[in-house]
Amino acid sequence: MARAFLVVMDSVGIGGAPDAGRFYNGTVPDTGANTIAHIAQACMAGRAEDGRSGPLKLPNLAALGLGAAVRLASGEPAPGLGVTPTGQWGAATEISSGKDTPTGHWELAGVPVPWDWHYFPDTIPTFPETLSRQVAAAAGTEGILGNCHAPGTAIIEKLGTEHMRSGWPICYTSADSVFQIAAHEESFGLDRLLELCTRIAPSLHAMKVGRVIARPFVGNAQSGFVRTPNRRDFAILPPAPVLTNWVQEAGGVVHAIGKIGDIFSMQGVDDLRKGDDSQLMVHLSDLVDEAVDHSLTFANFVEFDSRFGHRRDIAGYAAALEGFDAALGPILGRLRKGDIMILTADHGNDPSWTGTDHTRERVPVLIAGRGAGSVGHVGFTDVAASIAHHLGVPSQGPGRSFF
């Protein structure tokens, strides 16, 4: 009897994307970015000692083939990860024109993005006047705050007090195709924020903006402002059925962990479990015990990206990887005969790189439950096709199984 677990380690890239020169952080192309290799090299050189120490220690991921995947993808060494793999491993290359969360996840789920996303210019103001007026009208306010590119934590510190005084929503974007709205859970109201995002999302999706993101926060000027776990993404629907739909249509059960429900707008999802990454690991562990035969568990662990990659925190990223690896070991040990677990990523976010944006990279494909050996260079869509093959589900996308 078969079960499948697809685990996306958000932003854990391995370099080597052949088209990296077409993607930029500011004016610098992503050519040469390599999230795992550069973290491992920094650890070996003693440049990642804040909160951890020494070479990068990922015994479980290395045994599955992470170091070998880095070498295959980019030719770069990843010190400390050079063990002989006991799992199957490979490197996946993306074809969609994007290096963001929806693009990577959709393609991993079998559907490349057939259009170019809309990105807002890095100007002040950033948004068209018609859009700003539409958001203000939907919010019932005379205007909006922000209207710029900004890190989320910085903009609520800067504008949180003014937001509480005026009641105007804080609207901002990033290098991704996103429109983000920050609002105070108490003075503005969480339900009101979610309703605002719901009302404006169709217009932004029509512009091919990938996500409208609700960013609730709490606090005050005296104690500081902090974002809450009640973030919600309102994502544009994929243009065709994806892996979750394929499994569900064939009578299987689909469990989603983390951002998966938001990324796919709950398409093909039976059960959603959320929380911070430590809670998500508990959910994954529980589902290894609880998930029924012919089920898919699809998980995203976002904090590598959100907490450490964008903030260019090498030591923090390394510590997060080591914590993930340590928690993964017992879970791998409880997989049943007939199970597979594929660990992969949706893009890179090299914390040693310039800028704060994602980096265009290949991603690892690490497979537990299928013995040892290389699957070589594969496509993102081949991940979905391989899981469909394992579960005995018809594949509806362009990918080919590597099993």
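1. Ala-42 is buried, with a relative accessible area of 1%. The model is a predicted one, and in it Ala-42 belongs to helix 1. Leaving aside neighbours within four places in sequence, Ala-42 is in contact with Arg-47, Ala-48 and Ile-314. For a sense of distance across the chain, the C-alpha atoms of Ala-42 and Ala-221 are separated by 37 Å; these two residues are 179 places apart along the sequence.

2. Thr-35 is also part of helix 1, which covers residues 35–44. Thr-35 counts as buried because its relative accessibility is 0%. The side chain of Thr-35 makes a polar contact of 2.7 Å with the side chain of Glu-361. Not counting residues up to four places away in sequence, the residues that Thr-35 touches include Ser-11, Val-12 and Gly-13 on the N-terminal side, and Tyr-317, Asn-349, Asp-350 and Thr-359 further along the chain. Glu-361, the polar partner, is in that contact list as well.

3. The chain is assigned two domains. Domain 1 is made of two segments, 3–114 and 239–391, while domain 2 is 129–235. Their C-alpha centres lie 29 Å apart. The contact between the domains takes 11 residues from domain 1 and nine residues from domain 2.

4. What is the make-up of the area that domain 1 and domain 2 bury between them? The total is about 780 Å², and 45% of it is on carbon and sulfur atoms. On the domain 1 side, helix 4 (101–108) and helix 9 (260–263) are the elements that give two or more residues to the surface touching domain 2. The residues of that side divide into two nonpolar, three polar and six charged.

5. How many salt bridges cross the interface of domain 1 and domain 2? The rule finds zero, although six charged residues are on the domain 1 side. Polar contacts between the two domains are present: the count is three residue pairs, with both residues at pLDDT 80 or more.

6. Helix 4 deserves a separate point. Eight of its eight residues are buried. They are Thr-101, Pro-102, Thr-103, Gly-104, His-105, Trp-106, Glu-107 and Leu-108. After helix 4 comes Gly-110, with a positive phi near 105°.

7. The salt-bridge count comes to 17. One of these joins the side chains of Asp-357 and Lys-99, at 3.5 Å from N to O. Asp-357 lies in the loop between strand 14 (339–344) and strand 15 (363–368), and Lys-99 in the loop between strand 4 (88–93) and helix 4, so the pair ties together parts that are 258 residues apart in sequence. Both Asp-357 and Lys-99 are buried.

8. Arg-273 has two acidic partners to check. With Asp-271, Arg-273 forms a salt bridge in which the closest N and O atoms are 2.9 Å apart. With Glu-290, the side chain of Arg-273 meets in a salt bridge at 3.4 Å, N to O. Arg-273 is in strand 12 (residues 271–273) and Glu-290 in helix 10 (residues 277–290), 17 residues apart. Asp-271 counts as partly exposed because its relative accessibility is 22%, and Glu-290 is likewise partly exposed, at 47%.

9. A network of salt bridges links Asp-19, Arg-22, Glu-94 and Arg-360.

10. Some backbone geometry should be looked at by eye. Most residues other than glycine have a negative phi, and most peptide bonds are trans. In this model the peptide bond from Ile-124 to Pro-125 is cis, with omega near 0°. Pro-125 is placed in the loop between helix 4 and helix 5 (129–139).

11. Where are the non-glycine residues Met-266 and His-294, each with a positive phi? Met-266, with phi near 65°, lies in the loop between helix 9 and strand 12. His-294, with a phi of about 65°, lies in the loop between helix 10 and strand 13 (296–301). Met-266 is partly exposed, with a relative accessible area of 36%, and His-294 counts as partly exposed at 37% relative accessibility.

Definitions and conventions
Residues are numbered from 1 along each chain as its sequence is written. This is a predicted model: local features need pLDDT of at least 70, side-chain atom pairs count only at pLDDT 80 or more; totals for chains, interfaces and linings use all residues. Side-chain values use heavy atoms; hydrogens and water are left out. Domain bounds come from an automatic or database domain assignment. Contact means heavy atoms within 4.5 Å. Buried area is the accessible area (1.4 Å probe) that two parts lose on being put together, summed over both. A salt bridge is a side-chain nitrogen of Lys or Arg within 4 Å of a carboxyl oxygen of Asp or Glu. A polar contact is a pair of N or O atoms within 3.5 Å; within protein, one must be able to donate a hydrogen and the other to accept it, and residues adjacent in sequence count only if both atoms are side-chain atoms. Helices (H or I, at least four residues) and strands (E, at least two) are DSSP runs, numbered from the N terminus. Ala, Val, Leu, Ile, Met, Phe, Trp, Tyr, Cys and Pro count as nonpolar, Asp, Glu, Lys and Arg as charged, and the others, Gly among them, as polar. Buried means under 20% relative accessible area, exposed over 50%, partly exposed in between (1.4 Å probe, protein chains only).
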